[in-house]
Amino acid sequence: MVSAYVLIQTEVGKASQVTKSIDALEGVTAVDGVTGPYDVIARADAVDLDELAKKVVMPIQEVEGVTRTLTCPVLQL
């Protein structure tokens, strides 16, 4: 199992709409609007990195209003 935080930049005025759309995606366990260089942060879980990319990150990038993402996998130290 792999978990990751996906940091998301949106078009101006689209953060609320993007947050709602991402919250409905399979694999997303939490999503919040934030301030700073990113507008939305999502937490996601998947079986492995390939599934994370295909079933979570790529669908997030296709959401209308998303302009950029940065995926940060969680390390198990």
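**Exercise 1.** How many helices and how many strands are there in the chain?

*Solution.* Keep in mind that this is a predicted model. Start by counting the elements: the chain holds two helices and four strands. Next, put them in order along the sequence, and you get the pattern β-α-β-β-α-β.

**Exercise 2.** Find out whether the radius of gyration of the chain agrees with that of a compact globule.

*Solution.* Begin with the expectation: for 77 residues, a compact globule would have a radius of gyration near 11 Å. Then look at the chain, which has 12 Å, so the two agree. To picture the extent, note that the C-alpha trace spans about 35 × 25 × 15 Å along its principal axes. Finally, turn to the contacts with a separation of 6 or more: residues 24 or more positions apart account for 67% of them.

**Exercise 3.** Place Thr10 in the fold and decide: is Thr10 buried or exposed?

*Solution.* First, locate the residue: Thr10 belongs to strand β1, which covers residues 2-10. Second, use the cut-off, where buried means under 20% relative accessible area. Thr10 has 11%, so Thr10 is buried. Third, list the neighbours: leaving aside residues up to four places away in sequence, Thr10 touches Ala15, Val18, Asp39, Val40, Gly65, Val66 and Thr67. For the wider picture, buried residues make up 32% of the 77 in the chain.

**Exercise 4.** Describe the surface and the charges of the chain.

*Solution.* Take the surface first: about 4,800 Å² is exposed, and carbon and sulfur atoms supply 53% of that area. Now count the charges: there are 6 positive and 11 negative side chains. The centres of these two sets lie 2 Å apart.

Definitions and conventions
Residues are numbered from 1 along each chain as its sequence is written. This is a predicted model: local features need pLDDT of at least 70, side-chain atom pairs count only at pLDDT 80 or more; totals for chains, interfaces and linings use all residues. Side-chain values use heavy atoms; hydrogens and water are left out. Buried means under 20% relative accessible area, exposed over 50%, partly exposed in between (1.4 Å probe, protein chains only). Contact means heavy atoms within 4.5 Å. The radius of gyration is taken over C-alpha atoms; the globule rule is 2.2 Å times the number of residues to the power 0.38. Accessible areas come from the Shrake-Rupley method with a 1.4 Å probe; for residues, only the protein chains shown count as cover. Lys and Arg count as positive and Asp and Glu as negative; His and the chain ends are not counted. The place of a charge is taken as NZ of Lys, CZ of Arg, CG of Asp or CD of Glu.
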